[in-house]
Every structure is written in structure tokens, then in C-alpha cells.
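Here's an informal walk through this protein, written for someone who would rather look at side chains than at statistics. Keep the viewer open as you read.

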Amino acid sequence: MVEKRTDISRVMMLVGFIFCSFVCSPSVKAQELEYKYELGGMVGLGSYLGDANYSSLYKNTNLAASLLGRWNINPRMALKADLAFTTVSGNALEQANRFPEAEGQEWNFSNSLVDCSCMYEIGFWGYGTGRSYKGTRRLVPYIALGFGFTYGNEAFTANLPLGFGVKYKLKERLNVGFDWAVHFSMSDELDGITDPYKMKSGFLKNKDSYITTMVYVSYDLCPKYRKCNND
């Protein structure tokens, strides 16, 4: 009788141990997990800087949308790739300056753009949850620069994107953020006209640019397991 009670006690202890393992292990793993990639989408505004608008950042804004992918190198560094769609538009009549010829006075344009860019992001602090010993934070601002290509109705050209943003870890695998970037193109034809003021062009001089101001949502994929003493 004593042996049976001992066997029952052992079985109960084993069941309790297995139950605790299942209950406790997810929370422990959740605190130790980092994720390699993010996938998501962005939506916001696109605006134009060029011969028809030299200084107003948000003149003639249009809807912009993008597909977003990130490779998280470590908690502070990431490579972001995005495929964005927007429209740039303008009107020469809204400029203080005037074209030398009468037909130039009535010049206006609307051009749909497709942008494919890759940017290197550096966070001010480590980004994430459950890693207080690393100094990670849920809310992190970042700066970014990179290289991309732009396709429009009138041109296909390279561009140099430069920007900043802020991202927030809403949940363990869910991120939201704000992203702002100016894309310096290598072309003066995004607005459909080349050098209307007869100004000599050079590298990034007298070229067309566009700005994207976006908010985004992304989801973490592919967890990577790390030991607590690894960076």
C-alpha cells in the first residue's frame, strides 16, 4: 500500500513538472527571442521638389503606399527594402519665377512613380522587448540612407534616399512606426520636362526629388535563438 502511494506521488510530481514546463517555457522563450525579418506595409503621402516647386515640402501632395521588408541585423541595425508607389505633380503657374517662353507659363504635370529602394537603418538605441540587460527599448528613433531606382512615365533613374523615423514595439511580434525620406533622383525628367530654366545640371544639382511621409505596420518573422551572453 505504501509502495502504491509512493508510485502515485511520483506520477503526480512528473505530471506537475511537465505541466509547469509547458506553462512556463513560452514566457521564458518569448523574452529570449529575437526575430530576423519583418514584413509589412506603409501608407502616407508623396510630394515633389523640382523645377515646378523648389521649396514647399508638402505642395501638391498625393497618396503613397509601399510594401516593406526588413532584415534585422542586430537590435540597433537593419536593412530595409521597400517597393513604393506614389504620384508627383505640379504646376508652373504656382511658381514665383516664370518661364522665358509663353508656353512654359502653362506647364503642369502629373507622373506616377514606382520606387524600389534599400536603406541601412541605425537606431539610437537597441530595439526590442524582454532584453533590459541589453538596454533595448520599445520606442526607438532611427536614421537611414541607401540606394534605389525610380520608374516613372517619363524616366527611369537611380535615386539616393535619406531619411529618419521612429518605430514602436506594440507587441512581441507587431511593430508600428513613422518613416520620412527624401529621394534625390539622378534625373531632371520626373516632372516631364528637362531644364526649363536653362540651368546647367550636375550631380544632384538641378535634379528632381520627391518625399515620402509614411506610417507603417509590420510583423516579425523567423525567430532566432541566442544565448543570454551573446550580442
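Let's start at one strand and work inwards. Phe164 is found in strand β6. Bear in mind that this is a predicted model.

Is Phe164 buried, partly exposed or exposed? Its relative accessible area is 40%, and since buried means under 20% and exposed means over 50%, Phe164 counts as partly exposed. Along the chain, Phe164 and Trp180 are 16 residues apart, yet their C-alpha atoms are separated by just 5.6 Å.

Phe164 also has nonpolar company on the surface. Together with Met77, Ile122, Phe124, Trp125 and Ile143, Phe164 forms a nonpolar patch with about 520 Å² of accessible area in total. Ile143 sits in strand β5, which covers residues 139-152. Ile143 is partly exposed as well, because its relative accessibility comes to 44%.

**The overall layout**

Stepping back, the protein has one helix and eight strands. Reading from the N terminus, the order is α-β-β-β-β-β-β-β-β, so to speak: the helix, followed by the strands. Of the 231 residues in the protein, 39% are buried.

**Charges on the inside**

Now for the salt bridges, of which the structure holds six. Here are three of them, with the closest N to O distance for each.

| Pair | N to O distance | Residues apart in sequence |
|---|---|---|
| Arg70 and Glu121 | 2.8 Å | 51 residues |
| Lys80 and Glu121 | 4.0 Å | 41 residues |
| Lys80 and Asp179 | 2.9 Å | 99 residues |

Take the Arg70 and Glu121 side chains, which meet in a salt bridge. That pair links distant parts of the chain, with Arg70 in strand β2 and Glu121 in strand β4. Are these two partners buried or exposed? Arg70 is buried, as its relative accessible area is 3%. Glu121 counts as buried too, at 1% relative accessibility.

Glu121 has a salt bridge to Lys80 as well. This pair also links distant parts of the chain, since Lys80 is in strand β3 and Glu121 is in strand β4. Lys80 counts as buried, with a relative accessibility of 1%.

Lys80 forms a salt bridge with Asp179 too. Lys80 lies in strand β3 and Asp179 in strand β7, so this pair ties together parts that are 99 residues apart in sequence. At 4% relative accessibility, Asp179 counts as buried.

Which residues end up joined through shared partners? Glu38, Arg70, Lys80, Glu121, Lys167 and Asp179 are connected into one network by their salt bridges.

**The cavities**

How many cavities does a search of the whole structure turn up at 30 Å³ or more? The search finds two.

The largest cavity has a volume of about 240 Å³. Its lining is made of 20 residues, and Glu34, Tyr35, Tyr127, Gly128 and Lys169 lie nearest its centre. Several strands contribute: β1 (33-49), β2 (62-74), β3 (77-91), β6 (156-169) and β8 (209-225) each supply at least two residues of the lining. Which strand gives the most? The answer is β1, with four residues. By class, the lining of the largest cavity divides into seven nonpolar, five polar and eight charged residues.

The second largest cavity has a volume of about 70 Å³. Two names from the salt bridges come back here, as Lys80 and Asp179 are among its lining residues. The rest of that lining consists of Met42, Ser66, Asp82, Ala84, Asp115, Met119, Ala181, His183, Thr212 and Met214. Strands β3, β4 (108-123), β7 (174-185) and β8 each supply at least two residues of this lining. Sorted by class, the second largest cavity is lined by five nonpolar, three polar and four charged residues.

**Pulling it together**

Two residues are worth selecting in the viewer before you finish. Phe164 belongs to the nonpolar patch on the surface. Lys80 is buried at 1% relative accessibility, bridges to Asp179 and helps to line the second largest cavity.

How values were computed. Residues are numbered from 1 along each chain as its sequence is written. This is a predicted model: local features need pLDDT of at least 70, side-chain atom pairs count only at pLDDT 80 or more; totals for chains, interfaces and linings use all residues. Side-chain values use heavy atoms; hydrogens and water are left out. On a 1 Å grid over the protein atoms alone, a cavity is a set of points where a 1.4 Å probe fits but cannot get out, and a pocket is an open set with protein on both sides within 12 Å along at least five of seven lines; lining residues have an atom within 4 Å of a point. Grid points are joined across faces, edges and corners, and a volume is the space filled by probe spheres set on the points. Ala, Val, Leu, Ile, Met, Phe, Trp, Tyr, Cys and Pro count as nonpolar, Asp, Glu, Lys and Arg as charged, and the others, Gly among them, as polar. Patches are made of residues with over 30% relative accessible area and no salt bridge: like charges are joined within 9 Å, nonpolar side chains (Val, Leu, Ile, Met, Phe, Trp, Tyr) within 5 Å. Accessible areas come from the Shrake-Rupley method with a 1.4 Å probe; for residues, only the protein chains shown count as cover. Buried means under 20% relative accessible area, exposed over 50%, partly exposed in between (1.4 Å probe, protein chains only).
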